[in-house]
Amino acid sequence: MDDNADSVETGRAHQPRAPRRSNLDDELRSFRDRLTHGTAHKPEFEYELLTMFARNETSAPFAMPALCFIFYIASMFWASLMEATMWIAIVSISRVYMLDQCRRLLSIPRADVNVGQWRRHFVRVEAINGLALAAFALIGISSTPTAHSLPATFSSHVFIFATLMVVLAIRMTFSSTLPHVFLAGTVPMTLAVTGRLFMLGDPFYFALASMAIGIHVFFVYLAQGLHSTALAMVEYRAEKDSLISELEEASAISDEARRRAEAANKAKSRFLATMSHELRTPLNAIMGFSEVMEKEILGPIGSDTYREYAHNIYESGNHLLCIINEILDLSRIEAGRYDLHEETVRLTDIAEDCRRLIKIKADAKTLHIVEDFAPDLPHVWADPRAMRQICLNLLSNALKFTPRGGRIIITVGHTSDGGQFVTISDTGPGIPKDEIPRVLQAFGQGSLAHQTAEGGTGLGLPIVQNLISLHGGTFDLQSELRKGTEVTVTLPRQRVLQIITPLQPLGQERHRDPAPRPARQPRMRVASPYGAATPYRASGGL
């Protein structure tokens with residue numbers, strides 16, 4: 001016993017650590033992946049940022065070449081054709097190589113991409129592009145300015161400064177997802193432009209050079225903000241994909257559970273149908289033979305003990321048969337195969353019949369049954385067998401749970417909205433508030449019921465709930481501990497039959513035929529829940 005207890009305690013101690021160990025394993029695996037790929041973020045996020053950069057470059061392949069061609073045309077005003085042509089050739093080759101590498105990355109499967117290597121490769125390629133663009137600031141630097149060319153020289157320096165601003169803006173837009181690539185492509189040109197402006201030795205150019213450095217720092221700050229936004233967008237998309245996958249998995253699990261539940265329900269129905277036949281056949285024989293022996297139809301038994309045994313066998317078989325019938329009724333109701341055979345009935349008549357059925361048992365327990373019926377209650381449109389079963393189940397519960405000398409009250413009356421109700425109240429032990437949901441479930445019983453009541457299956461109240469629900473009515477259970485229980489079932493107004501007032505006084509009708517006719521009986525109107533009111537004759541029949 002001690003060893004088993006120790007093993008159980010050990011198992012309990014280790015159970016809460018399982019999720020924590022799983023989380024630690026996930027964190028360790030993620031940290032190892034970040035070290036392998038040389039990044040501070042998750043590799044899948046870095047891959048998304050990398051592919052976003054490649055898609056940005058390939059989405060506008062002619063933007064930078066067209067801009068560089070404009071720079072090439074403008075440089076003719078202060079530089080030689082040879083220098084400008086060499087510069088545009090170098091820039092074009094570097095741009096074509098960058099586009100080729102971006103298309104190559106997008107064509108490779110995700111599993112074959114090493115994010116760290118490709119990021120470093122793009123930094124090197126972009127550095128080559130940056131050096132090629134920086135060469136624009138060096139075009140015409142060797143030419144000696146003359147008095148005639150001074151205005152063009154001044155304009156060229158301002159144009160180079162403006163070119164730097166345009167390049168910074170465009171490269172920030174295209175490569176903000178990879179900050180290192182942005183720096184590799186813009187720092188060389190910024191250095192070249194500021195260096196050329198500082199070499200002129202003029203305060204105005206010093207101001208331009210300082211402004212170029214400040215603007216570059218500002219664009220770096222903007223690129224960091226765009227990078228953070230892109231990373232957050234990727235993270236949100238990953239969370240959305242994770243939620244979608246979880247929902248799909250939960251939906252698949254739910255569908256599988258539903259299929260299993262349907263299969264189990266079919267198996268239960270087949271089992272109940274088979275066991276109904278298999279159990280009822282020997283039960284009928286047991287009850288029949290025990291009744292013959294108890295009543296000594298074929299001759300005296302000769303022993304009172306044997307006669308008592310035969311009576312016990314009959315009672316036990318009858319009890320088992322009632323349990324089987326209750327289980328089958330509940331199964332048919334849950335499967336939607338319980339058909340109502342409706343007709344006009346009086347709830348007071350049904351309540352009176354049920355009271356007579358339990359009177360003998362109530363007298364044996366010295367229980368006092370009180371009837372409180374409202375006068376002149378009209379008929380209702382309901383299944384008499386189902387209503388009788390509802391009333392009998394409620395009275396049987398009250399009979400079982402009420403101690404000797406107690407009281408059971410049967411009330412039948414009108415509801416405020418025109419319906420009718422049946423209430424069964426007793427002076428039994430009552431039901432605790434927290435146990436009421438349990439007793440309303442199939443096979444559920446309260447704790448006090450096990451101590452004070454006779455045996456039962458716990459199917460009476462669920463059957464009552466389902467039967468009254470089939471009639472469109474309501475079920476209400478109110479109980480207070482050690483003060484009793486009150487159960488009310490209510491039929492809606494649509495099931496109450498209203499009497500139609502005759503247009504002419506009975507026996508004094510005026511017709512074209514002077515021959516006397518027997519007085520017509522009053523007519524009723526069936527307020528059916530399935531359509532308009534239907535006239536009904538009091539003698540029966542629609």
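**Exercise 1. How many bridges join strand 5 to strand 7, and in which direction do the two strands run? Then place strand 5 in its sheet.**

Step 1. In this predicted model, strand 5 and strand 7 are joined by 6 bridges and run antiparallel. Strand 5 covers residues 420–426 and strand 7 residues 484–491. A good landmark for this pairing is V422, which stands opposite V489 in strand 7.

Step 2. Now turn to strand 4, residues 407–414. Strand 4 is joined to strand 5 by 7 bridges, and the two run antiparallel. V422 serves as a landmark here as well, being the bridge partner of V412.

Step 3. Follow the chain from strand 4 into strand 5. The two strands form a hairpin with 5 residues between them. In the turn, G418 has a positive phi of about 100°.

Step 4. Strand 4 also pairs with strand 2: 6 bridges join them, and they run parallel. Here E371 stands opposite I410 in strand 4.

Step 5. Put the pieces together. The open sheet has 5 strands in the order 2-4-5-7-6, with mixed pairing. Its edges are strand 2 (368–373) and strand 6 (474–480), each of which pairs on one side only. On average, neighbouring strands of this sheet are turned by 10° against each other, direction ignored.

**Exercise 2. Is strand 5 mostly covered or open, and what lies across the sheet?**

Step 1. Count the buried residues of strand 5: 7 of its 7 residues are buried, and the strand is mostly covered.

Step 2. Sort them by face. Q420, V422, I424 and D426 are buried on one side, while F421, T423 and S425 are buried on the other. Both faces of the strand are therefore covered.

Step 3. Look for a helix on the sheet. Helix 11 (residues 347–364) lies across strand 2, strand 4, strand 5 and strand 7. Its direction is at about 175° to strand 2.

Step 4. Walk from helix 11 to strand 2. T366 is found in the loop between them. Phi of T366 is near 55°, a positive value in a residue other than glycine. With a relative accessible area of 48%, T366 is partly exposed.

**Exercise 3. Which residues make the contact of helix 5 with helix 6, and how do the axes of these helices cross?**

Step 1. Begin with the geometry. The axes of helix 5 (residues 81–107) and helix 6 come within 9 Å and cross at roughly 165°. Angles over 145 degrees count as roughly antiparallel, so that is how helix 5 runs relative to helix 6. The crossing is left-handed.

Step 2. List the contact. Helix 5 contributes W87, I90, V91, S94, R95, Y97, M98, Q101, C102, R104 and L105. From helix 6 come W118, H121, F122, V125, E126, I128, N129, A132 and L133.

Step 3. Class the residues of this contact: 13 are nonpolar, 4 polar and 3 charged.

**Exercise 4. At what angle do helix 6 and helix 8 pack, and how far apart are their axes?**

Step 1. Helix 6 (residues 115–134) and helix 8 (residues 179–199) pack at about 20°, with their axes 8 Å apart. The cut-off for roughly parallel is under 35 degrees, so the label fits helix 6 and helix 8. Their crossing is right-handed.

Step 2. On helix 6, the residues in this contact are F122, V123, E126, A127, G130, L131, L133 and A134. They meet H180, V181, A184, G185, P188, M189 and A192 in helix 8. By class, the contact has 11 nonpolar, 3 polar and 1 charged residues.

**Exercise 5. Is L50 buried or exposed, and which residues does L50 touch?**

Step 1. Locate L50: its place is in helix 3 (residues 43–59).

Step 2. Check its accessibility. The relative accessible area of L50 is 1%, and L50 is buried.

Step 3. Find its partners. Leaving out residues up to four places away in sequence, L50 touches L105, V115, W118, R119, F122 and L178. F122 also belongs to the contact of helix 6 with helix 8.

Step 4. Compare sequence with space. L50 and C102 are 52 residues apart in sequence, and their C-alpha atoms are 9.4 Å apart. Across the protein chain, residues 24 or more positions apart account for 71% of the contacts with a separation of 6 or more.

Key: Residues are numbered from 1 along each chain as its sequence is written. This is a predicted model: local features need pLDDT of at least 70, side-chain atom pairs count only at pLDDT 80 or more; totals for chains, interfaces and linings use all residues. Side-chain values use heavy atoms; hydrogens and water are left out. Axes are lines fitted to C-alpha atoms, for helices over the stretch in contact, and angles run from 0 to 180 degrees between N-to-C directions. Helices (H or I, at least four residues) and strands (E, at least two) are DSSP runs, numbered from the N terminus. Angles under 35 degrees count as roughly parallel, over 145 as roughly antiparallel, 65 to 115 as roughly perpendicular and the rest as oblique. A crossing is left-handed if the near helix is turned anticlockwise from the far one by less than a right angle, and right-handed if clockwise. Contact means heavy atoms within 4.5 Å. Ala, Val, Leu, Ile, Met, Phe, Trp, Tyr, Cys and Pro count as nonpolar, Asp, Glu, Lys and Arg as charged, and the others, Gly among them, as polar. Two strands pair if DSSP finds at least two bridges between them. Buried means under 20% relative accessible area, exposed over 50%, partly exposed in between (1.4 Å probe, protein chains only).
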